[in-house]
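Visitor: Please show me the model, and then let us go through it question by question.

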Amino acid sequence: AALTGVVEYRNVTFAYPGAESPVLSNISFTARPGQTIAIIGSTGAGKTSLLSLLPRLYDPVEGQVLLDGVPVDKLDRAEITKRVALVPQRPYLFSGTIEHNLRFGKTEATDQELWDALRVAQGESFVREKKNGLGARISQGGTNVSGGQRQRLCIARALVTKPRVYLFDDSFSALDVATDARLRTALKGITRDATVIIVAQRISTITEADQILVLDNGRIVDRGTHEELLETSPTYQEIVES
Ligand code: CTP
Ligand code: MG
């Protein structure tokens with residue numbers, strides 16, 4: 001079968017090791033190439049936990065997570081890494097140059113590819129402004145760049161790997177609304193054939209998603225497009241109004 005990046009969660013229940021009660025219960029959804037699936041819900045609802053199961057940071061207690069029809073626990077981790085890029089909620093930069101940080105996991109990328117990724121991630125101008133450009137030093141944890149710059153470098157790092165599946169965990173929250181909008185427009189071009197799963201806080205980030213999953217207390221309580229949920233989901237309406 002073609003490895004196009006179909007993601008399926010099938011009746012997934014998950015509890016953290018040693019914990020008594022699950023943080024995710026009976027989660028089922030499918031995300032296909034070309035689609036953007038958004039996940040929204042209050043803090044602690046389980047959004048980050050849900051994403052963490054695809055790259056196998058954790059494994060479900062029940063149910064299955066499948067990538068292109070194969071349960072992820074049957075795949076090599078290297079194979080998963082090649083096909084899935086997770087931009088974590090707390091983006092991490094390590095001590096080294098911007099280039100080192102961007103090439104992380106994919107050394108064969110050309111400089112041109114690094115700049116292309118930066119352009120899409122709206123990080124091109126601030127890197128150009130640095131005296132050493134791609135060679136500029138990042139301090140441990142990225143403390144010498146702003147939160148928004150850190151987020152953009154981590155988004156660019158994901159783009160450099162050219163994955164089939166992108167997982168964005170609240171990756172646009174440190175950006176102002178205009179930058180967020182520009183970034184998502186640019187991303188759309190790049191990720192046209194990829195599968196995109198976005199966790200977001202801001203409704204404006206996800207109004208165009210093909211499907212929005214409303215997560216509450218570890219369960220998908222509602223799902224649909226923005227317009228559908230405005231009509232049908234009290235939980236979604238609450239989030240919109242908050
Ligand atoms: N949790 C846990 N152990 C962890 C991480 C999370 O027990 N290592 C718990 C949290 O305390 C929470 C639940 O798992 O009750 C869901 O956490 P998370 O998936 O991180 O929630 P999010 O929806 O991502 O919350 P936020 O919007 O704040 O990022
Ligand atoms: Mg989270």
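Visitor: Is Q89 buried, partly exposed or exposed?

Guide: This is a predicted model, in which local features need pLDDT of at least 70, side-chain atom pairs count only at pLDDT 80 or more, and totals for chains, interfaces and linings use all residues. Residues are numbered from 1 along each chain as its sequence is written, chains are lettered from A and ligands numbered from 1 in the order in which they are written, and side-chain values use heavy atoms, with hydrogens and water left out. Buried means under 20% relative accessible area and exposed over 50%, with partly exposed in between (1.4 Å probe, protein chains only). Q89 has a relative accessibility of 33%, so Q89 is partly exposed.

Visitor: Which protein donors does the magnesium ion (ligand 2) have?

Guide: Donors are N, O and S atoms within 2.8 Å of the metal (3.2 Å for Na, K and Ca), and since water is not among the atoms, sites may look incomplete. Lying 2.0 to 2.3 Å from the ion, the protein donors are T48 (OG1) and Q89 (OE1).

Visitor: How many residues apart in sequence are the parts that T48 and Q89 tie together?

Guide: Helices (H or I, at least four residues) and strands (E, at least two) are DSSP runs, numbered from the N terminus. T48 lies in helix 1 and Q89 in the loop between strand 6 and strand 7, so the parts tied together are separated in sequence by 41 residues.

Visitor: Is helix 4 parallel or oblique to helix 6?

Guide: Axes are lines fitted to C-alpha atoms, for helices over the stretch in contact, and angles run from 0 to 180 degrees between N-to-C directions. The two axes come within 8 Å and cross at roughly 130°. Angles under 35 degrees count as roughly parallel, over 145 as roughly antiparallel, 65 to 115 as roughly perpendicular and the rest as oblique, so helix 4 is, relative to helix 6, oblique.
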